[in-house]
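Work through the exercises below with the sequence and the coordinates at hand. Each task is followed by a solution that proceeds step by step.

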Amino acid sequence: SVLVTFGWTDLKDKYGNTYAQVTVKSNGAEVASGDKLPIGSMIEIAEVKILNDHYEWVGEVKVNDEFLGVGVTSFTLEEDTKISLTIRAKQYPVYIEGIHTGVQVYNGNTLIANGEKISYDAILTVQATPEEYYDLQFVSVNGIQIKGAETGGGYVVTVTGETSILVSSVS
């Protein structure tokens with residue numbers, strides 16, 4: 001017999017909420033990570049259940065770090081095997097506009113472009129530089145002005161879906 005392990009443990013987000021459940025079966029019976037099965041057993045990813053709309057399974061199954069192929073969810077067990085799936089946070093576009101203001105938005109240390117897709121729950125920093133003779137009027141996210149979110153590095157925004165950032169300055 002050979003050992004079967006999973007390349008995932010708790011499929012939980014940073015808040016402790018389960019975002020996916022995976023069912024693996026061999027010859028119709030559910031398999032747990034750490035089970036030993038006979039060589040030649042058929043293994044299948046029977047179900048990938050996404051419990052949070054902000055996550056997605058991209059359909060990738062890897063066996064011992066080798067991609068099985070598009071849409072392939074079963075294989076024959078030949079050796080000790082680690083099964084991995086790619087489940088990721090969905091990506092949403094972030095739109096950036098400045099009125100009489102230079103606006104730079106960073107995902108960590110990376111400057112993002114207008115319309116760029118960013119992962120759900122990413123924390124962005126907005127830096128605004130009003131044009132000469134202008135003063136910052138407001139920063140809004142999806143039409144709602146944000147206040148009290150300014151840090152030494154700028155305004156902080158968490159991506160929870162399609163995001164529109166507008167920064168306006170007045171003279």
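**Exercise 1.** How many bridges join β11 to strand β12, and in which sense do the two strands run?

Solution. The model is a predicted one, and the strand pairing is read from it. Strand β12 covers residues 110-111, and two bridges join it to β11, with the strands running antiparallel. One position of this pairing can be named, since Tyr-106 stands opposite Leu-111 in β12. The hairpin of β11 and β12 has two residues between the strands, and within this hairpin Gly-108 takes a positive phi near 70 degrees.

**Exercise 2.** Identify the strand that is joined to β11 by seven bridges, and follow the pairing onward from there.

Solution. Begin with β11, residues 101-107, which is joined by seven bridges to β14, residues 123-130, in an antiparallel arrangement. Two positions serve to check the register: the bridge partner of Thr-101 in β14 is Pro-130, while Tyr-106 stands opposite Thr-125 in β14. Tyr-106 also stands opposite Leu-111 in β12. Next, continue from β14 to β18, residues 154-158, where the two strands pair in the antiparallel sense over four bridges. In this step the bridge partner of Val-126 is Tyr-155 in β18.

**Exercise 3.** Determine the strand order of the open five-stranded sheet and state which strands stand at its edges.

Solution. The order is β13-β10-β19-β15-β16, and the pairing is mixed. β13 (117-119) and β16 (144-145) each have a single partner strand, so one side of each is left without a neighbour in the sheet. Within the sheet, β10, residues 91-99, and β19, residues 163-170, run parallel and are joined by six bridges. Ile-96 illustrates this pairing, as its bridge partner in β19 is Ile-165.

**Exercise 4.** Decide whether Ala-122 and Ser-84 are buried or exposed, and list the residues that each one touches beyond four places in sequence.

Solution. Take Ala-122 to begin with, which is found in the loop between β13 and β14. Its relative accessibility is 12%, and because buried means under 20%, Ala-122 counts as buried. Leaving aside residues up to four places away in sequence, Ala-122 touches Asn-107, Val-157, Thr-158 and Val-159. Ala-122 and Ala-89 are 33 residues apart in sequence, and their C-alpha atoms are 9.5 Å apart in space.

Turn then to Ser-84, whose place is in strand β9, residues 81-89. With a relative accessible area of 16%, Ser-84 is buried as well. With the same exclusion of residues up to four places away, Ser-84 touches Gly-7, Trp-8, Glu-60, Val-61 and Lys-62.

**Exercise 5.** Describe the overall dimensions of the protein chain, and explain why it is judged more spread out than a compact globule.

Solution. The secondary structure of the chain consists of zero helices and 19 strands. The radius of gyration is 23 Å, well over the 16 Å that the globule rule gives for 171 residues, so the chain is more spread out than a compact globule. The C-alpha trace spans about 75 × 25 × 25 Å along its principal axes. Of the 171 residues, 34% count as buried, and among contacts with a separation of 6 or more, 65% come from residues 24 or more positions apart. The chain exposes about 9,900 Å², of which carbon and sulfur atoms supply 45%. Finally, there are 11 positive and 22 negative side chains, and the centres of the two sets lie 6 Å apart.

Conventions. Residues are numbered from 1 along each chain as its sequence is written. This is a predicted model: local features need pLDDT of at least 70, side-chain atom pairs count only at pLDDT 80 or more; totals for chains, interfaces and linings use all residues. Side-chain values use heavy atoms; hydrogens and water are left out. Two strands pair if DSSP finds at least two bridges between them. The radius of gyration is taken over C-alpha atoms; the globule rule is 2.2 Å times the number of residues to the power 0.38. Buried means under 20% relative accessible area, exposed over 50%, partly exposed in between (1.4 Å probe, protein chains only). Contact means heavy atoms within 4.5 Å. Accessible areas come from the Shrake-Rupley method with a 1.4 Å probe; for residues, only the protein chains shown count as cover. Lys and Arg count as positive and Asp and Glu as negative; His and the chain ends are not counted. The place of a charge is taken as NZ of Lys, CZ of Arg, CG of Asp or CD of Glu.
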